Amino acid sequence: MTRPVTALLEEWEPVIGLEVHVQLATKSKAFSPSATTFGEPPNSLTDPLVLGLPGTLPVFNRAALELALRLGVATSSQIRARSRFARKHYFYPDLPKGYQISQYDEPLCEHGHLDLIVGGVLKRVKLTRIHLEEDAGKNTHVGAVSHVDLNRAGIPLVEVVSEPMLTSAEEAAEFMRSLHRLVRWLEISEADMEKGQLRCDANVSVRLRGEDRLGTRTELKNINSFRFVQNAVDHEIARQLRIVDSGGRIERETRLWDADAGQSAPMRSKEEANDYRYFPDPDLPPLVVDAELMAGILRTLPELPGARFERYQKEHGLSPDDARTLVSDRALADYFDAACTAHPGERSGRMIANWMLTELLGALNADGKDIAQSPMPAAMLSALVVLVESGTISGKIGKEIFTESYASGEAPLAIVERRGVQQISDEAALWEVVDRVVKANPKQAEGYASGKDGLFGFFVGAVMKETQGRANPIITSDLLHKRLGR
Amino acid sequence: MSEFWTVAETARRVAAGEITAYRLVENVLTRIRNVDRELGAFLELDLDGARNAASEIERRRTSGEPLGSLAGVPIALKDNLVTKGVATTAGSKILKGWIPPYDATVVEKLRAAGAILVGKTNLDEFGMGSSTERSSYRKTRNPWDASRVPGGSSGGSAAAVAAGLCAASLGTDTGGSIRQPAAFTGVVGLKPTYGRVSRWGVVAFASSLDQVGPITRTIADAALVLQAIAGHDPRDATSLNAPVPSYSEGLDRGVAGMTIGLPSEYFNHTIDADVRAAIERTMAALKDKGAKLVEVSLPHAELALPAYYIIAPAEASSNLARYDGVRYGKRAEAQDLLDLYRKTRGAGFGPEVKRRIMLGTYTLRSGYYDAYYKKAQQVRALIKRDFDEAFATVDVILTPTTPTAAFRFGAKVDPLDMYLADVFTLSCNLAGLPGLSVPCGLTAEGLPVGAQLLGRPLDEATLLRVGAVIEATVGLGERRPGGIT
Amino acid sequence: MPTLTRKEVDEIALLARLHLEPEELERLRTELGTILDYFVTLALVDTTGVPPMTHAVPMEMVLRPDEPQPSLPVDVALKGVAKRDGDLIVVPAIIPGNDP
């Protein structure tokens, strides 16, 4: 009878390391010029090198290097001026050459980090390495045979390896989410997990709290969503804890996650653990990253989410929550920045953020669109905010104008002028209306004077009706208080 | 008779209309039909391709369009050079029936120069061997003596040129596979500097050692063919981006004032008496023509063999991992995937190839990599350094190409014995230097002897220049092989 | 002095995916042993501080522009394939769990 996991976790600490493969968004493959388009008919994206034909040679794709370097810089990694490709040998039908071109001894990037926020606390997760490699094709089991499609073979990947320092399934899922967001932010990968563009293996072990040495680890494969990461890792931690609690030993093995069954099963261990026989690929001279290349990367690197998070709070006074929402997606943050730049006023960020996060996102959600597909460009939203901020229209009218502009694409100012809904802020004109309204409703005026506070709203409503909603609410309120005596 | 016309002469006559390309092709094919049954040089003939190429040349010539530098020249290609639409086997059963969908760069270049690509020649399987006895298809004989090997692995290419079945051929050289058969069959064989000629479309044996080079009957021809195939290729990341000089220019400048190095470690080796004598006559001739001969030392020379036999099989075991019958080539019947791999490769590869794959796999295993492959690459650097130091004081290095003349079939049964025969040619590949073998005499038994010249990186021109003097003084002149005619 | 055991030869043959008959295995065992003996000479050489030579003439990576070129038509690409199912390459199943 084993104790519950929560109790075991007081004694035992889970240790998790993640290896994440990210497909780089290049147009052609890593080492040959076939296209990388997803969803094409099987074996339609091959060339002699992809097929591993005799006599073929690899030549590396410049864009793949640039995208990988962006990630290296964004994770503050040490970047090797001269790195090498290595051959990793194993036999599998989706690996045409019988080896994968990868990196081994001299990877492109090392010792970077990824910052996560878990439970409101910042955790800096160290990255052992980021290296370049090529993807394999797809092998599908169909009864007694397997089908091989090489379209995916040769697509460039980066492999991101974390130090074994994640301590819960939640942290593992958050690591994946952060990395997912970062690679999309940097525009180095679409990272669509359903298309297999971001894939994760987890190494899981447990050890007694306070112990330095790592326990025996198992490798979890076939994790292709954030939810699976959490479930699979949780399940594995529980499995291991039950074993150690009853005095058993963890087997060093690879386990496949079965999402439907909600459990993992061991892949029967390969013969004598794969000896990949790594050696530097003699067909590829050292990969050189010089100062000029790095300067280009740094120049084109977008402001990273962390930096924007800080800046939105400091410069624009946004709340941490609003800032976090905006930096969850590069397109959102870019839209915000564009709107602020178009907007001449200062300290306007809060209002823009407000309008974005409520009105705009509301309308987009209803349409099933995302910010990149917004029919309202940033400059136009910004113009609307100007109209409200300057008092040209009231906030309430503003919402109506928003809806119309969003639907028709007409500029807010044009709509305002066409409909004649400019706010009335002229005190003399408003006093005239206020006076008229109070005179016309003596009973309510008396009622209010005798203490019925709720009747104030009646008078505000009456003024609004008289002015087709255009009366400046603050001035109206002021004047009403004066006219009514309190 | 046109069989023994040089490349230069053939091109001249075709361009002048003295002989039509059609006639030339038919002459070649007739000769091949007559001689090759016994000689065994060719694995595949491309009759259609040859005749179409001839048509095209005649069309251009008669309409006044420019002809390429090798227009009408019949050239044979070692069967580890990939040819579009023409069977390519690399001498192995595992590629039986494979018809490539693309051309090697060197093939494209020869076609563009107007050469008539006659067919594919025999070789030791995947280039692994020194006698062509390791071909899985047929036996190639030495045209000077049918009981002897033509050398290898480019035995078919060398025999075809020596016997006048074509004007020139391309071979590949990883540890001596152009130079040694050239020496054994009395023709000129050149291995260019590593990276001088593209490896795109060359069935890989050892990636850091393989190079394509010309096999011809004269030095001037070697210059012409090298000119056509040399140059940077963006499809080969190990291809050198260096300008290609005119190799034919200055061929006749002679050797007056040059310094030629004689490495003592090579000459202290056991060398056949007749071979030594021929080399000594060569040295005398060069001296007579104004060269200075000095002794040099290449202290790490003896390490070339072990270093090569670690690096080459390791790279080969990796390069041959793709031969599994899944996407091309012969596939064995099998119950499961493991069976498929093991049976396909077990049946498709010959014993020498299997030996080298096993050796390479052994040395690349984790835990062994440092002691073997990495160590060999360090030793390789030392061998290169020896040459760099030698070339500080000499312009070229002269050695015998091989310690003996062509041996008899079945003479080298022990694999180690066969490996030892390569002792003079290996260093050149390890150091990436250019190497040339030029005929410099015959043994008492009438077998050709080759003199080897080694040069600085990208200094093929100097090798050819010295080779031209050797050819003019102690070369074979008009002597033709009498073993198979 | 490396002399290979039969077990080692079996392991290497499996790593290299070579089916070898018993006589072949035995022959290779002795041949490889002899060849490996010969390489002991390398171990004796002092190579401290010598960087492994990767390419004879020093060369640096040349990169390719990211411009897709037309791929091979499927029928050309699969022309040499022994077994097809439509445009897919067919191989015998990997027995699940028994990774080859």
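Me: Two strands pair if DSSP finds at least two bridges between them, so how many bridges join strand E11 to strand E12 of chain A?
Reply: 4 bridges join E11(A), residues 198-208, to E12(A), residues 218-223, and the two strands run antiparallel; strands (E, at least two residues) and helices (H or I, at least four) are DSSP runs numbered from the N terminus. This is a predicted model, where local features need pLDDT of at least 70, side-chain atom pairs count only at pLDDT 80 or more, and totals for chains, interfaces and linings use all residues. Residues are numbered from 1 along each chain as its sequence is written, while chains are lettered from A and ligands numbered from 1 in the order in which they are written.

Me: What stands opposite A:Cys200?
Reply: In E12(A), A:Ile223 stands opposite A:Cys200.

Me: And what order do the strands of the open sheet have?
Reply: The open sheet of 9 strands in chain A follows the order E2-E6-E7-E10-E1-E11-E12-E13-E14, with mixed pairing. E2(A) (78-79) and E14(A) (263-267) stand at the edges with a single partner strand each, so one side of each has no neighbour in the sheet.

Me: Switching topic, how many residues does each chain give to the contact between A and C?
Reply: Chain A gives 41 residues and chain C gives 35, where contact asks that C-beta atoms, placed from the backbone, lie within 7 Å. On the side of chain A that touches chain C, the largest share, 5 residues, comes from E9(A).

Me: Which strand of chain C is joined to E9(A)?
Reply: Strand E2 of chain C, residues 88-92, is joined to E9(A) by 4 bridges, and the two run antiparallel; within that strand, C:Val91 is the bridge partner of A:Ser146.

Conventions: Contact = placed C-beta atoms within 7 Å. Pairing = 2+ DSSP bridges.
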